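Here is a small set of exercises to work through with the model open beside you. Try each task before you read its solution.

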Amino acid sequence: RLSVPMQAFCVRHLGFLISWRFIKSKKCIINKNHKYWQSFIKFVMLTHLSECAMRTLGDHYEQLAQAFLRQQGLTIITTNYTVHRTGEIDIIAYHDEPRQAGGVCPTLVFVEVKMRKINPNARYGQAVETVTRAKQNKIIKTAEHFLAYGDKFLQNLGLTTSQKQALACRFDVIAFDVPPTGQTGQKNDENQTKTHWLRNAFLVE
């Protein structure tokens with residue numbers, strides 16, 4: 001039985017494989033025997049499969065992050081909020097944390113999810129360190145767009161107009177540090193994956 005990430009991976013690149021079968025068929029008039037054409041097709045296939053695998057892996061850890069946030073009492077408002085030529089926010093959540101637990105007031109939480117295999121020789125040692133200042137700026141600009149045009153996403157929260165206007169904002173990072181695959185090719189043990197929740201990971205300057 002295939003895991004959920006692997007099922008998603010298979011579905012995503014099925015259309016590409018069908019196109020590849022067409023190219024190989026007699027109906028395609030391109031000179032398929034030309035060595036440069038064959039090299040190009042191999043490059044496209046490898047690139048496509050790599051991108052699909054990365055997207056599937058990213059979706060998997062975003063789902064883990066959503067489950068983690070729900071366990072912490074947050075309400076997921078929307079995911080993968082994208083603004084063309086601006087940026088994307090992985091998760092937008094609502095956090096009405098009690099004051100006795102350190103909460104200030106009801107808060108909109110913009111969450112960036114990062115996964116990185118632990119590698120002491122890498123330029124960035126942990127997943128959270130990959131959220132560069134440039135990436136932070138894109139997240140902030142996307143959050144500004146949500147605040148201006150995302151009122152429809154808040155309707156299910158049942159907030160009044162004054163409550164919406166009083167919402168605070170926070171930028172969090174959920175980082176998964178994943179151990180590398182074993183030398184014998186075993187899958188990563190998710191029990192060994194370290195989950196870091198950084199509240200107020202960065203601020204608007």
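**Exercise 1. Decide whether Glu112 is buried or exposed, then find its surroundings and its charged partner.**

Step 1. Glu112 is buried, with a relative accessible area of 4%; here buried means under 20% relative accessible area, exposed over 50%, and partly exposed in between, with a 1.4 Å probe and protein chains only. Please keep in mind that this is a predicted model, in which local features need pLDDT of at least 70 and side-chain atom pairs count only at pLDDT 80 or more, while totals for chains, interfaces and linings use all residues. Residues are numbered from 1 along each chain as its sequence is written, and side-chain values use heavy atoms, with hydrogens and water left out.

Step 2. Place the residue: Glu112 is found in strand E3 (residues 107-117). Strands (E, at least two residues) and helices (H or I, at least four) are DSSP runs, numbered from the N terminus.

Step 3. List the contacts, meaning heavy atoms within 4.5 Å. Not counting residues up to four places away in sequence, Glu112 touches Glu88, Asp90, Val131, Lys135, Ile139, Asp172, Val173 and Ile174.

Step 4. Look for a salt bridge, that is, a side-chain nitrogen of Lys or Arg within 4 Å of a carboxyl oxygen of Asp or Glu. Glu112 has one with Lys114, at 3.7 Å from N to O.

**Exercise 2. Work out how many salt bridges there are, and describe those of Arg170 and Lys164.**

Step 1. The count comes to four salt bridges.

Step 2. Arg170 pairs with Asp172, and their closest N and O atoms are 2.9 Å apart. Arg170 is buried at 7% relative accessibility, and Asp172 is buried at 0%. Salt bridges that share partners also join Glu112, Lys114 and Lys135 into one network.

Step 3. Lys164 pairs with Asp151, with 3.4 Å between the closest N and O atoms. Lys164 belongs to helix H5 and Asp151 to the loop between H4 and H5, so this bridge ties together parts that are 13 residues apart in sequence. Lys164 is partly exposed at 22% relative accessibility, and Asp151 is partly exposed at 41%.

**Exercise 3. Trace the order of the strands in the sheet and say which strands stand at its edges.**

Step 1. Five strands form an open sheet in the order E1-E2-E3-E4-E5, with mixed pairing. Two strands pair if DSSP finds at least two bridges between them.

Step 2. E1 and strand E5 (194-198) stand at the edges, each with a single partner strand, so one side of each is left without a neighbour in the sheet.

Step 3. Go through the pairs. E1 and E2 are antiparallel over seven bridges, and Tyr81 has Ile89 in E2 as its bridge partner. In the hairpin of E1 and E2, with three residues between the strands, Arg85 takes a positive phi near 60 degrees. E2 and E3 are antiparallel over five bridges, with Ile91 opposite Val111 in E3. E3 and E4 run parallel and are joined by 11 bridges; Val113 stands opposite Ile174 in E4.

Step 4. Add the helix: H4 packs on the sheet and touches E1, strand E2 (87-95), E3 and E4. As for cover, eight of the nine residues of E2 are buried.

**Exercise 4. Find how many aromatic pairs there are, and classify Tyr61 with Phe176 and Tyr81 with Phe153.**

Step 1. Rings of Phe, Tyr and Trp (its six-membered ring) pair if their centres lie within 6.5 Å; planes under 30 degrees apart count as stacked, over 60 as edge-to-face and the rest as tilted. A search of the whole structure finds eight aromatic pairs.

Step 2. Tyr61 and Phe176 are 5.2 Å apart, centre to centre, with 50 degrees between the planes, a tilted pair. Tyr61 lies in helix H3 (residues 35-71) and Phe176 in strand E4 (residues 168-178), so the pair ties together parts that are 115 residues apart in sequence. Both Tyr61 and Phe176 are buried.

Step 3. The ring centres of Tyr81 and Phe153 are 5.7 Å apart and the planes meet at 85 degrees, so this pair is edge-to-face. Tyr81 is buried at 9% relative accessible area, whereas Phe153 is partly exposed at 25%.

Step 4. Ring pairs link Tyr81, Phe110, Phe146, Phe153, Phe171 and Phe202 into a cluster.

Terms used. Axes fitted to C-alpha atoms, helices over the stretch in contact; angles between N-to-C directions.
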